[in-house]
Amino acid sequence: MTAQLIDGNALSRQLRTEVSERVSALKAKGLTPGLAVILVGENPASQVYVRNKVKACEDTGMHSVLEKYDASMSEAELLARVEALNSDPTIHGILVQLPLPAHMDAQKVIEAISPAKDVDGFHIASAGALMTGMAGFWPCTPYGCMKMLESIGYDLKGKHAVVIGRSNIVGKPMALMLLQQNATVTICHSATPDLKAMTLQADVIVAAVGKRNVLTADMVKPGAVVLDVGMNRNEAGKLCGDVDFDGVKEVASWITPVPGGVGPMTITMLMVNTLESAERALAV
Ligand SMILES: Nc1nc2c(c(=O)[nH]1)N[C@@H](CN(C=O)c1ccc(C(=O)N[C@@H](CCC(=O)O)C(=O)O)cc1)CN2
């Protein structure tokens, strides 16, 4: 069996067209959704990601502000910028690009963002809303994974999903989203004694570790769906995920590529969250 690709670029194009239409409808009512993106420091990957976020705003008709600061910026200065954006009525979403320089406490900065504008879904209030099934913003990467499963008509009810990785921004929220759709969920991590024994039981595997070849063909049950959240470089400097794509695609039924899989969906779901924040602002 050769797996079918879940194409994150194609799905993103489709979803961004829908976002553009809803943005036009909001503009007709006098409201332009606005996103503020804050980048501190010179991390080359982060520079690409923030540029792509601003471009996605342009493409969907949203207003965006990109604030770039030197890595020497103090945490207090950053908190002051977040506070100013919290009370800016033209801004409906605020995101602080991660990672932040080591002298800053990233969670403290995230907690300074108003939950109503937390379009990254990283605030503790957003995490609580996800856990309890209340309205809030879902973190964009796992939200994108859920949209990818939806796009192939995959019914999670009664399925076993294995999430490899337990980060606050991907692994844990991913597990909660899968659980909300009635999957049986196992979270695996660096202290899991026998990862292969777990993944071989899985109908759906989400690899979100940040390490190449964490998942190889011998670890996958035939027909499983494999979502690769990893973003790594191989010895040749080529972008690759956490999954041994060439091997696993011969066993899985569906698989996401890297690049062109979950990555673009992260930015698409940011657009969706920003739009929804603006729609909520109009509703109150
Ligand atoms: N504030 C945030 N910081 C970070 C997040 C986040 O969601 N919010 N996630 C990651 C980085 N990230 C978004 O910011 C991100 C990573 C990768 C991609 C992407 O489109 N990747 C492409 C390849 C891009 C390339 O060529 O380098 C792909 O997979 O096709 C988008 C967003 C950490 N920080």
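Here are some worked exercises on a predicted model of a protein chain with a ligand.

**Exercise 1. The overall build**

Find how many helices and strands the protein chain has, and work out whether its radius of gyration agrees with that of a compact globule.

*Solution.*
- Step 1: Start with the elements. The protein chain has 10 helices and 11 strands.
- Step 2: Look at the outline. Along the principal axes, the C-alpha atoms fill a box of roughly 50 × 40 × 35 Å.
- Step 3: Turn to the radius of gyration. For 284 residues, a compact globule would have a value near 19 Å, and the protein chain has 19 Å, so the two agree.
- Step 4: Look inside. Buried residues make up 45% of the 284 residues.
- Step 5: Consider the contacts with a separation of 6 or more. Of these, 69% are between residues 24 or more positions apart.

**Exercise 2. Two domains and a core**

Locate the largest nonpolar core with respect to domain 1 and domain 2.

*Solution.*
- Step 1: Mark the domains. The domain assignment gives domain 1 as residues 30–114 and domain 2 as residues 140–262. Their C-alpha centres lie 28 Å apart.
- Step 2: Find the core. The largest nonpolar core has 86 residues, and Val206 and Val226 have the most contacts inside it.
- Step 3: Ask which helix gives the most to this core. That is helix α10, residues 262–283, with 9 residues.
- Step 4: Place the core. Domain 1 and domain 2 both give residues to this core, so it lies between them.
- Step 5: Take a closer look at Val226. Leaving aside neighbours within four places in sequence, Val226 is in contact with Ile205, Leu215, Val220, Val243, Val248, Ala252 and Ile255.

**Exercise 3. The two sides of helix α5**

Sort residues of α5 into buried and exposed, and decide how the buried ones are arranged around the axis.

*Solution.*
- Step 1: Pick out the buried residues. In α5, which spans residues 124–132, Ser126, Ala127 and Leu130 are buried.
- Step 2: Check their directions. These residues cover an arc of only 100° around the axis, which means that they are on the same side of α5.
- Step 3: Recall a general point. An α-helix has 3.6 residues a turn, so residues three or four places apart point the same way.
- Step 4: Turn to the other face. The exposed residues Gly128 and Thr132 are on the face turned away from the buried side of α5.
- Step 5: Find the packing partner. The buried residues of α5 pack against α7, residues 171–180.
- Step 6: Move past the end of the helix. α5 is followed by Gly133, whose phi is positive, near 75°.

**Exercise 4. Around the ligand**

Name the residues that come nearest to the ligand, and find the cis peptide bonds that involve Leu98 and Pro259.

*Solution.*
- Step 1: List the nearest residues. There are 18 residues around the ligand, and Tyr49, Leu98, Pro259, Gly263 and Thr266 come nearest.
- Step 2: See which elements take part. α2 (44–60), β4 (93–96), α6 (140–151) and α10 each supply at least two residues of the shell. α10 gives the most, with 4 residues.
- Step 3: Follow Leu98. A cis peptide bond, with omega about 5°, joins Leu98 and Pro99. Pro99 lies in the loop between β4 and α4.
- Step 4: Follow Pro259. The peptide bond from Val258 to Pro259 is cis, with omega near 0°. Pro259 is in the loop between β11 (254–255) and α10.

**Exercise 5. Residues in loops**

Compare the loop positions and exposure of Gln181, Asn182 and Asn213.

*Solution.*
- Step 1: Begin with Gln181, in the loop between α7 and β6 (184–188). Gln181 has 16 other C-beta atoms within 10 Å, so it is partly exposed. Not counting residues up to four places away in sequence, Gln181 touches Leu156 and Lys157.
- Step 2: Go on to Asn182, which lies in the loop between α7 and β6. With 12 C-beta neighbours inside 10 Å, Asn182 counts as exposed, since exposed residues have 12 or fewer. Its phi is positive, about 70°, although Asn182 is not a glycine.
- Step 3: Finish with Asn213, in the loop between β7 (204–207) and β8 (225–228). Asn213 has 17 other C-beta atoms within 10 Å and is therefore partly exposed. The phi of Asn213 is also positive, near 55°.

Definitions and conventions:
Residues are numbered from 1 along each chain as its sequence is written. This is a predicted model: local features need pLDDT of at least 70, side-chain atom pairs count only at pLDDT 80 or more; totals for chains, interfaces and linings use all residues. The radius of gyration is taken over C-alpha atoms; the globule rule is 2.2 Å times the number of residues to the power 0.38. A residue is buried if 20 or more other C-beta atoms lie within 10 Å of its own, exposed if 12 or fewer, and partly exposed in between; C-beta atoms are placed from the backbone. Two residues are in contact if their C-beta atoms, placed from the backbone, lie within 7 Å. The arc is that of the directions from the helix axis to the C-beta atoms. A nonpolar core is a set of buried Ala, Val, Leu, Ile, Met, Phe, Trp, Tyr and Cys residues joined through C-beta atoms within 7 Å. Domain bounds come from an automatic or database domain assignment. A residue is near a molecule or strand if its C-beta atom, placed from the backbone, lies within 6 Å of it.
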